[in-house]
Amino acid sequence: TGVQTCALPISKRLPMAYSVMVWVAQSTGLRASELLALQWTDINFRKKTIQVTRAVVHGRVKQTKTEYSADEVPLSRNLAQILRRWQRHCPVTKSCWIFPSRTGGASGRPLHASPVQQDYLRPAGEAVGVVRLGFHHFRHTYRALLDLSGAPVAVQKLLMRHASATTTLNFYGAAMEDAKREGAEYVGNLLRLKRAEPMRRSAHP
């Protein structure tokens, strides 16, 4: 499941650039097209934010999926450290791509998602027991971790950059159903215990 997709064991099996990709995907929930379109100018280390404004689809740079997708994403301290370290090793390109293609030279081109998944993510995933690992696993995991953190749906909607809370709720439908059932059972057990307390007190005056 998504929650079982953990960045740490997967990233350890990847070259540095792809390891950083995994950490960015897992820490932000960015779509593959958005992640690969990031430029260093999008990162504000002082404000601790990532500006999401563009996407790369089949090698072409375009605007993000929807107006809601274009937004400022919080940059955690842990991810900031990872990105700063990668910045010292990242090949320099005119467009300041964070994940430039090795074949693009100094002019630079962003990487394509499909070869990254096929040649790097999937083998690393299989090594830790995750079949057909893809970027979507990390977005699903991010959503599930937000849920586990107790973040309100309204906050999750903003972080996932969905147009509506309904989309957020539907995005991880199975997990939400499990969470709803667990919540109902939890409340039911509390009420059962509360109901039993007066009975125990009356049985032992």
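Two strands are taken to pair if DSSP finds at least two bridges between them. On this basis, in the predicted model examined here, Gln-51 stands opposite Glu-72 in strand β5. The two strands concerned, β2 (residues 49-52) and β5, run antiparallel and are joined by four bridges. They belong to an open sheet of three strands, ordered β1-β2-β5, in which the pairing is antiparallel. Strands β1 and β5 (71-74) form the edges of this sheet, each pairing on one side only. Strands of a sheet pair through backbone hydrogen bonds, either parallel or antiparallel.

A further antiparallel pairing links strand β3 (residues 54-57) with strand β4 (residues 60-63), again over four bridges. Within this pairing, Val-57 is found opposite Arg-60 of β4. The two strands constitute a hairpin with two residues between them. One residue of the turn, His-58, adopts a positive phi of about 55°.

In overall composition, the protein contains nine helices and five strands. Read from the N terminus, the order of elements is α-α-α-β-β-β-β-β-α-α-α-α-α-α. The chain comprises 205 residues, of which 41% count as buried. Among contacts with a separation of 6 or more, 53% involve residues 24 or more positions apart. The accessible surface amounts to about 12000 Å², with 55% of this area belonging to carbon and sulfur atoms.

Helix α5 was examined in further detail. This helix spans residues 113-127, a total of 15 residues. The distance from its first C-alpha to its last is 20 Å, close to the 21 Å expected at 1.5 Å a residue. The helix nevertheless bends by about 40° at Leu-121, and a proline, Pro-123, follows within four residues. Leu-121 is also one of the buried residues of α5, which are Val-116, Gln-117, Leu-121, Arg-122, Ala-124 and Gly-125. These buried positions pack against three other helices, namely α1 (7-11), α2 (16-28) and α6 (135-149). An α-helix has 3.6 residues a turn, so residues three or four places apart point the same way. Beyond the end of α5, Gly-129 follows with a positive phi near 90°.

The analysis of aromatic rings yielded one pair. It is formed by Tyr-18 and Tyr-120, whose ring centres are 3.8 Å apart and whose planes lie at 15°; the pair is therefore stacked, the criterion being planes under 30 degrees apart. Because Tyr-18 lies in helix α2 and Tyr-120 in helix α5, the pair ties together parts that are 102 residues apart in sequence. Tyr-18 has a relative accessible area of 9% and is therefore buried, given that the limit for this class is under 20%.

Leu-38 is located in the loop between α3 (32-35) and β1 (43-44). Its relative accessibility is 3%, and Leu-38 therefore counts as buried. Apart from neighbours within four places in sequence, Leu-38 is in contact with Val-24, Leu-30, Ile-50, Gln-51, Arg-54, Cys-96, Trp-97 and Ile-98. Gln-51, included in this set, is the residue that stands opposite Glu-72 in β5. The C-alpha atom of Leu-38 is separated by 7.4 Å from that of Val-52, a residue 14 places away along the chain.

Cys-96, one of the contacts of Leu-38, has a positive phi of about 60° although it is not a glycine. Its position is in the loop between α4 (77-87) and α5. With a relative accessibility of 29%, Cys-96 counts as partly exposed. A positive phi, near 50°, is also assigned to Arg-132, a residue other than glycine. Arg-132 occupies the loop between α5 and α6. Its relative accessible area of 52% places Arg-132 in the exposed class, for which the cut-off is over 50%.

In helix α7 (residues 153-160), the buried residues are Gln-156, Lys-157, Leu-159 and Met-160. The helix is followed by Arg-161, which has a positive phi near 60°.

Terms used. Residues numbered from 1 in each chain as written. Predicted model: local features only at pLDDT ≥ 70, side-chain atom pairs only at ≥ 80, totals over all residues. Heavy atoms only, no water. Expected span 1.5 Å × (residues − 1). Bend = angle between axes of the 7 residues up to and from the residue. Buried < 20%, exposed > 50% of the residue type's maximum accessible area, 1.4 Å probe, protein only. Contact = heavy atoms within 4.5 Å. Areas by Shrake-Rupley, 256 points an atom, 1.4 Å probe, with all protein chains shown as cover. Phe/Tyr/Trp six-rings, centres within 6.5 Å; stacked < 30°, edge-to-face > 60°.
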